[in-house]
Amino acid sequence: MKTVMLVDDSNSIRNIIKNALVGQYNVVEAENGKDALAKLPGTAVDFFLFDVNMPEMDGITLLGEVRKLPAHKGTPILMLTTETKDELRQKGRELGASGWIVKPFEPDKLIAAMQKLLG
Ligand SMILES: [Mg+2]
């Protein structure tokens, strides 16, 4: 089973996503970018889901940090956001985001986007 690292500061959003992925993916959770980077060593992650607005370290900064890691240059990273500002998307694209999911979303839509990126 592939492992997804789900990074969101909202407990309820993490639970919704986790419930949608259970049985199909192994889910590792983190509360913010800093927490995610701390949990990454020793964890084999196949896919990342990053919220954008988070305390400690936001998802855009986390995206840049994860793309610097040789092991994750090509790992799919989907950004989850309520904002659809072009500026933000442009920044995400430059940093190597694989795609965007706008919240709120249907869990089926998320799973379809993940399956597409995992090929
Ligand atoms: Mg948030």
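In this predicted model, Ala 36 sits in helix H2, which spans residues 33-39. Ala 36 counts as buried because 27 C-beta neighbours lie inside 10 Å, where 20 or more are needed for that label. Beyond its neighbours within four places in sequence, Ala 36 is in contact with Met 5, Val 7, Ala 30 and Leu 62. A further link along the chain is to Asp 8: the C-alpha atoms of Ala 36 and Asp 8 are 9.6 Å apart, although 28 residues separate the two in sequence.

Val 7, one of the contacts of Ala 36, leads on to the nonpolar core. The largest such core holds 24 residues, among which Val 7, Leu 49 and Phe 50 touch the most other members. At least two residues of this core come from each of strand E1 (3-7), helix H1 (11-21), strand E3 (47-51), helix H3 (59-67) and strand E4 (77-81). Leaving out residues up to four places away in sequence, Leu 49 touches Val 4, Leu 6, Val 7, Ile 17, Leu 78 and Leu 80.

Turning to the sheet, 5 strands form an open arrangement in the order E2-E1-E3-E4-E5, with parallel pairing. Its edges are strand E2 (26-30) and strand E5 (99-102), each of which pairs on one side only. From one strand to the next, the twist averages 20°. E4 and E5 are joined in the parallel sense over 4 bridges, and Met 79 stands opposite Trp 100 of E5. Helix H1, meanwhile, lies across E1, E2 and E3 and runs at about 165° to E1.

How values were computed. Residues numbered from 1 in each chain as written. Predicted model: local features only at pLDDT ≥ 70, side-chain atom pairs only at ≥ 80, totals over all residues. Buried ≥ 20, exposed ≤ 12 C-beta atoms within 10 Å, placed from the backbone. Contact = placed C-beta atoms within 7 Å. Core = buried A, V, L, I, M, F, W, Y, C linked by C-beta atoms within 7 Å. Pairing = 2+ DSSP bridges. Axes fitted to C-alpha atoms, helices over the stretch in contact; angles between N-to-C directions.
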